Amino acid sequence: MTTPLTLAPGRGPDGAARLTVGGEIDMSNAGRLAEALDSSRGPLVVDLTEVEYLDSAGLSVLFAHADRLTLVVPPLLEPVLTVSGLAALATVHRSGAGNGPQG
């Protein structure tokens, strides 16, 4: 059984390219995330607010694109990005109003 993952490309209110991700990112579906990131050129906002689980396969995909990503994350994922070092390479914002960059 494949782990549930939703990927919704679009544009933010400011016109910036955006990818909204939901569900779980693991070894079984990290390739789909990689394809979505590879299909976009330039800066990209990746909204992980609805992601409930992120393993090392998902982190590897995000690391490969870190230099051009702005990540919007729920409080649950913040420690994962910090401990892994991804927060030091990509811009990270906590989901919700009034929260500034974390990395």
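This is a short selection tour of a predicted model, with stops at two helices, a loop and a strand.

**Stop one: the helix pair**

Select helix H1, residues 30-38, together with H2, residues 56-64. Two packed helices are described by the angle between their axes and the distance between the axes. Here the axes come within 9 Å and cross at roughly 15°. That angle is under 35 degrees, so H1 runs roughly parallel to H2. The crossing of H1 past H2 is right-handed.

Now show the side chains at this contact. On H1, pick Ala 30, Leu 33, Ala 34 and Leu 37. On H2, pick Ala 57, Gly 58, Val 61 and Leu 62. Colour them by class: seven are nonpolar, one is polar and none is charged. The polar one is Gly 58, because Gly counts as polar in this scheme.

**Stop two: Asp 38**

Stay on helix H1 and select Asp 38. Is Asp 38 buried or exposed? Neither label fits: its relative accessible area is 38%, so Asp 38 is partly exposed. Set aside neighbours within four places in sequence, and Asp 38 contacts His 65 and Arg 68. For a long view across the model, add Gly 96. Its C-alpha lies 27 Å from that of Asp 38, with the two positions 58 residues apart along the chain.

**Stop three: His 65**

Which residue does the side chain of Asp 38 meet in a polar contact? Select His 65: the two side chains are joined at 3.1 Å. His 65 sits in the loop between helix H2 and strand S4, residues 69-73. Its relative accessibility is 11%, under the 20% cut-off, so His 65 counts as buried. Its partner Asp 38, by contrast, is partly exposed.

Expand the selection around His 65. Beyond four places in sequence, His 65 is in contact with Ala 34, Leu 37 and Asp 38. Ala 34 and Leu 37 also belong to the H1 side of the helix contact.

**Stop four: Thr 70**

Move on to strand S4 and select Thr 70. Thr 70 has a relative accessible area of 22%, so it is partly exposed. What does Thr 70 touch, not counting residues up to four places away in sequence? Show Leu 44, Val 45 and Val 46, then Thr 91 and His 93. Finish with a distance: put a C-alpha to C-alpha line from Thr 70 to Val 46. The line spans 6.1 Å, although the residues are 24 apart in sequence.

Notes
Residues numbered from 1 in each chain as written. Predicted model: local features only at pLDDT ≥ 70, side-chain atom pairs only at ≥ 80, totals over all residues. Heavy atoms only, no water. Helix = DSSP H or I, 4+ residues; strand = E, 2+ residues; numbered from the N terminus. Buried < 20%, exposed > 50% of the residue type's maximum accessible area, 1.4 Å probe, protein only. Contact = heavy atoms within 4.5 Å. Axes fitted to C-alpha atoms, helices over the stretch in contact; angles between N-to-C directions. Parallel < 35°, antiparallel > 145°, perpendicular 65-115°, else oblique. Left-handed = near helix turned anticlockwise from the far one by under 90°. Polar contact = N/O pair within 3.5 Å; in protein donor to acceptor, adjacent residues only side chain to side chain.
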